[in-house]
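This report describes a protein model for a reader who has not seen it before. Please look over the sequence and the structure before reading on.

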Amino acid sequence: MPGTRKVGILGGMGPAAGADFLRLFVGACEARLRASGSPVSDQAFPEHWLAQLPVPDRTLALLEDGPSPVEGMTSGIEGLRSHGVASIAIACNTAHAWHAKLQRSHPDVELLHIVEETAKYLAAQRIEAVCLLATQGTYSLGFYQAALAERGIDCHLPTEPERESRSCAVSAMA
C-alpha cells in the first residue's frame, strides 16, 4: 500500500493486546491487497509502528481512583509521532475513556476511536445484536452500549456474576 499514511498502534495495555491488534491489522491489510488485485509482498504493506509500553491499569484508574494512564499513553503517542505516524489505534477498549483528552492534546494525529469504528463496522454489516465481553471499566463507561444503540444494534451484557467468573470469557472463546 505504497503512498499510504504511516500508522501506529498504541499497545502495552494488556500484555498481548498490542501484538494481537498488530496481527489483525496485518491480516486486514493483506485482505485489502488481495481484494484489490495487488500483489501481496512485504513492500506492499503500509509503514506501521507498535508502541508497546507499560501503562497503569485503566479500570483501576476509572473505578478506584488509581494512577492515571494518561502520561503513559501520551508518551506512546509522542513516540509514534516522532516516527511520522499520522493515525493511531489504541489497543485497549477501556483506554478510550481518555480518548477525547488525548485527541485534544494531539490534534495533529488522528486517534481512531475503537468504539465508533466498531459500531460503524457492525452497522455496515447489518448486525442487529452483539454480546459485549469487556473489563468492568469498559462496562462502567457505557460507551459501547450508547454507540451501538445509536445505530439500532442491541448490546447484550453478561450478568454481574458472569462478568466476575472466567466461565463467561471461556465460553465466548469456545
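How many helices and strands does the secondary structure of the protein chain come to? This is a predicted model, in which local features need pLDDT of at least 70 and side-chain atom pairs count only at pLDDT 80 or more, while totals for chains, interfaces and linings use all residues. Residues are numbered from 1 along each chain as its sequence is written, and side-chain values use heavy atoms, with hydrogens and water left out.

The protein chain has nine helices and six strands; these are DSSP runs numbered from the N terminus, with helices being H or I of at least four residues and strands E of at least two. Its radius of gyration is 17 Å, close to the 16 Å that the globule rule gives for 174 residues, so the chain is as compact as a globular protein of that length. The radius is taken over C-alpha atoms, and the globule rule is 2.2 Å times the number of residues to the power 0.38. Along its principal axes the C-alpha trace spans about 50 × 35 × 30 Å.

Of the 174 residues in the protein chain, 37% are buried (buried means under 20% relative accessible area, exposed over 50%, and partly exposed in between, with a 1.4 Å probe and protein chains only). Contact means heavy atoms within 4.5 Å. Among contacts between residues at least 6 apart in sequence, 69% join residues at least 24 apart.

**Confidence**

The mean pLDDT of the protein chain is 90, and 93% of its residues reach 70 or more; pLDDT is the predictor's confidence in each residue, from 0 to 100. Confidence is highest in helix 4 (residues 99–105), at a mean of 97, and lowest in helix 9 (residues 166–173), at 48. Over residues 170–174 pLDDT stays under 50, and the model has one contact beyond four places in sequence for them. Where pLDDT is low, the predicted coordinates should not be read in detail.

**Single residues**

Is Leu-148 buried or exposed? Leu-148, in helix 7, is buried, with a relative accessible area of 2%. Leaving aside neighbours within four places in sequence, Leu-148 is in contact with Ala-119, Leu-122, Val-130, Ile-153 and Cys-155. Its C-alpha atom is separated by 8.8 Å from that of Ala-129, 19 residues apart along the chain.

Thr-74 has its place in helix 3 (residues 70–81). Thr-74 is also buried, at a relative accessible area of 18%, and it touches Leu-102 and His-106, not counting residues up to four places away in sequence.

Gly-152 is found in the loop between helix 7 (143–150) and strand 6 (154–156). With a relative accessible area of 55%, Gly-152 is exposed. The C-alpha atoms of Gly-152 and Ser-36, 116 residues apart along the chain, are separated by 31 Å.

Most residues other than glycine have a negative phi. The table lists two residues that have a positive phi although they are not glycines.

| Residue | Phi | Loop | Relative accessibility |
|---|---|---|---|
| Asp-65 | about 55° | between helix 2 (58–63) and helix 3 | 71%, exposed |
| Arg-126 | about 60° | between helix 5 (114–124) and strand 5 (129–131) | 69%, exposed |
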